[in-house]
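Subject: Structure for you to look at

Hello,

Here is the structure I said I would pass on. Please open it alongside the sequence; my notes follow below.

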Amino acid sequence: QVQLVESGGGLVQAGGSLRLSCAASGLTFSSVSMGWFRQAPGKEREFVAGIRWSSGRTVYAGSLEGRFTISRDNAKNTVSLQMNNLKPEDSAVYYCAAGSISSRPSDYAYWGQGIQVTVSS
């Protein structure tokens with residue numbers, strides 16, 4: 001079965017950086033577009049970034065472009081999210097998702113369990 005496992009989350013001070021990784025198994029990773037979402041308490045799940053399987057084209061939530069970078073390593077079946085200059089409002093559970101680069105969660109077929117990112121002020 002398909003599994004997506006996130007890693008790299010944790011606690012960081014404002015202005016710091018974190019790199020999230022998502023290891024995928026059970027699918028032909030090189031043929032699947034991937035995305036990252038996040039969800040803060042009491043808020044809806046929101047799109048962070050996506051990367052297309054064929055061209056490697058990336059898309060970002062407008063407010064995050066320039067601080068966050070999505071990348072993929074098809075040889076290792078991983079997708080990563082480099083987060084720089086983190087702000088307290090970036091605190092959320094971050095999810096890896098497979099199947100699209102859409103900003104709509106319903107367009108994704110598979111989800112990881114999520115990983116906590118907390119940014120202290």
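**Strands around β9**

Strand β4 (residues 34–39) and β9 run antiparallel and are joined by 6 bridges. Within that pairing, W36 of β4 sits opposite C96 of β9. Please keep in mind that this is a predicted model.

β9 has other partners too. With strand β11 (residues 115–120) it pairs in the antiparallel sense over 3 bridges, and there Y94 stands opposite I115. With strand β10 (residues 110–111) the pairing is also antiparallel, over 2 bridges, and A98 faces Y110 across it. As for exposure, β9 is mostly covered, with 6 of its 7 residues buried.

**β3 and its neighbours**

Strand β3 (residues 18–25) has two faces: L18, L20, C22 and A24 make up the covered one, while R19, S21, A23 and S25 make up the uncovered one. β3 runs antiparallel to β1, with 5 bridges joining them; C22 of β3 has E6 opposite. β3 also pairs with β8 in the antiparallel sense, over 6 bridges, and here S21 has S80 of β8 as its bridge partner.

**A buried glutamate**

E6 belongs to strand β1 (residues 3–7). What is the nearest side chain of opposite charge to E6, and how far away is it? It is R45, at 7.8 Å. A salt bridge would need the charged atoms within 4 Å, so E6 has no salt bridge although it is buried.

The side chain of E6 does meet backbone nitrogens. One of its polar atoms lies 2.8 Å from the backbone nitrogen of C96, and the side chain also reaches the backbone nitrogen of G114 at 3.1 Å. Leaving aside residues up to four places away in sequence, E6 touches S21, C22, W36, Y94, Y95, C96, G112, Q113, G114 and I115. C96 is thus a residue that E6 touches, and C96 is also the one opposite W36 in the β4 and β9 pairing.

**The nonpolar cores**

The largest nonpolar core has 31 residues, and those with the most contacts inside it are M34, W36, V79, L81, M83 and Y94. At least two residues of this core come from each of β3, β4, β5 (46–51), β7, β8, β9 and β11. Another core, of 6 residues, lies apart from it and includes F47, V59, A97 and I101. In soluble globular proteins, nonpolar side chains tend to be buried together.

Y94 is worth selecting on screen. Not counting residues up to four places away in sequence, Y94 touches E6, L20, W36, F37, R38, V48, F68, L81, M83, G114, I115 and V117. Among these contacts are W36, L81 and M83, which are also listed among the residues with the most contacts inside the largest core.

**Two asparagines with positive phi**

N77 is in the loop between β7 (68–73) and β8 (78–83). Its phi is near 55°, a positive value in a residue other than glycine. N85 is in the loop between β8 and β9 (92–98), with a positive phi near 50°, again in a residue other than glycine.

Are these two asparagines buried, partly exposed or exposed? N77 is partly exposed, with a relative accessible area of 26%. N85 is partly exposed as well, at 42%.

Regards

Terms used
Residues numbered from 1 in each chain as written. Predicted model: local features only at pLDDT ≥ 70, side-chain atom pairs only at ≥ 80, totals over all residues. Heavy atoms only, no water. Helix = DSSP H or I, 4+ residues; strand = E, 2+ residues; numbered from the N terminus. Buried < 20%, exposed > 50% of the residue type's maximum accessible area, 1.4 Å probe, protein only. Lys, Arg positive; Asp, Glu negative; His and termini not counted. Polar contact = N/O pair within 3.5 Å; in protein donor to acceptor, adjacent residues only side chain to side chain. Contact = heavy atoms within 4.5 Å. Pairing = 2+ DSSP bridges. Core = buried A, V, L, I, M, F, W, Y, C linked by side-chain atoms within 4.5 Å.
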